[in-house]
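User: I'm new to this and would like a close look at one part of this protein. Could you walk me through the nonpolar core?

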Amino acid sequence: MPRQTLQAFEADFQKTKSMIDCSLAQLSDDDLHYQLNPLQNSPAAIVQHLAGNMISRFTDFLTTDGEKPSRNREAEFADRRLPRAQLLAQWEAAWSTLFAALAPLTDADLEKIITIRNEPHTVMKALLRASTHCAWHAAQIALIAKHLHQQDWQYLTIPPGGSGAFNQKMGMPPPR
């Protein structure tokens with residue numbers, strides 16, 4: 001069965017994961033726990049939350065509700081100051097869970113109905129929801145990392161002033 005749409009989702013998830021990985025790599029161990037203010041989550045807390053969310057949503061993806069009884073969402077936002085290795089192990093386990101759930105699916109599965117908190121979703125809608133959720137938090141982590149490292153920040157996309165060179169590399173005409 002074809003997997004064009006699922007491959008697009010997988011590529012998008014990989015890109016978002018890569019952006020978060022690159023942001024996290026630019027943070028020191030202490031930076032992982034930095035909060036812009038007391039009402040904001042640290043990068044570590046965001047990673048804990050995304051990991052908890054993905055494991056809940058994608059474990060038994062097609063057969064059980066995406067909000068597992070074992071999940072403690074509120075606790076995910078408490079920065080437990082986990083060592084980097086432990087935090088990243090959770091992170092990788094979560095992504096492995098997501099990608100393992102997607103691997104056997106075909107585009108024909110996109111219209112199947114699953115539930116999240118007893119609310120019905122097509123698989124397509126659930127994947128869109130997960131993708132935008134991950135992207136939202138990727139931007140938060142990047143913002144904190146960029147705030148902390150300013151001039152030392154290694155851009156995840158085209159850097160300021162780099163559009164012309166990028167466009168030329170892509171074979172596009174220069175702007176008028």
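Analyst: Here's a walk through the core, followed by a quick stop at two loops.

Keep in mind that this is a predicted model. The largest nonpolar core has 39 residues. Among these, Phe13, Met54, Phe58, Phe61 and Leu127 are the ones that touch the most other members. So where do the core residues come from? Two or more are supplied by each of these elements: helix 1 (4–25), helix 2 (43–58), helix 4 (84–102), strand 1 (113–116) and helix 5 (123–149). Helix 5 is the top contributor, giving 10 residues to this core.

Now zoom in on Phe13. If you skip its neighbours within four places in sequence, Phe13 is in contact with Trp95, Leu98, Phe99, Leu102, Leu127, Ala130, Ser131 and Cys134. Leu127 is worth spotting in that list, since Leu127 is also one of the residues touching the most other core members.

Next, the two loops, where the backbone angle phi is the thing to check. Most residues other than glycine have a negative phi. Asp60 isn't a glycine, yet its phi is positive, about 50°. You'll find Asp60 in the loop between helix 2 and helix 3 (73–76). Asp60 counts as partly exposed because its relative accessibility is 46%.

Asn118 is another non-glycine residue with a positive phi, this one near 65°. Asn118 sits in the loop between strand 1 and strand 2 (119–122). With a relative accessibility of 69%, Asn118 counts as exposed, because the cut-off for that label is over 50%.

Notes
Residues are numbered from 1 along each chain as its sequence is written. This is a predicted model: local features need pLDDT of at least 70, side-chain atom pairs count only at pLDDT 80 or more; totals for chains, interfaces and linings use all residues. Side-chain values use heavy atoms; hydrogens and water are left out. A nonpolar core is a set of buried Ala, Val, Leu, Ile, Met, Phe, Trp, Tyr and Cys residues joined through side-chain atoms within 4.5 Å. Buried means under 20% relative accessible area, exposed over 50%, partly exposed in between (1.4 Å probe, protein chains only). Helices (H or I, at least four residues) and strands (E, at least two) are DSSP runs, numbered from the N terminus. Contact means heavy atoms within 4.5 Å.
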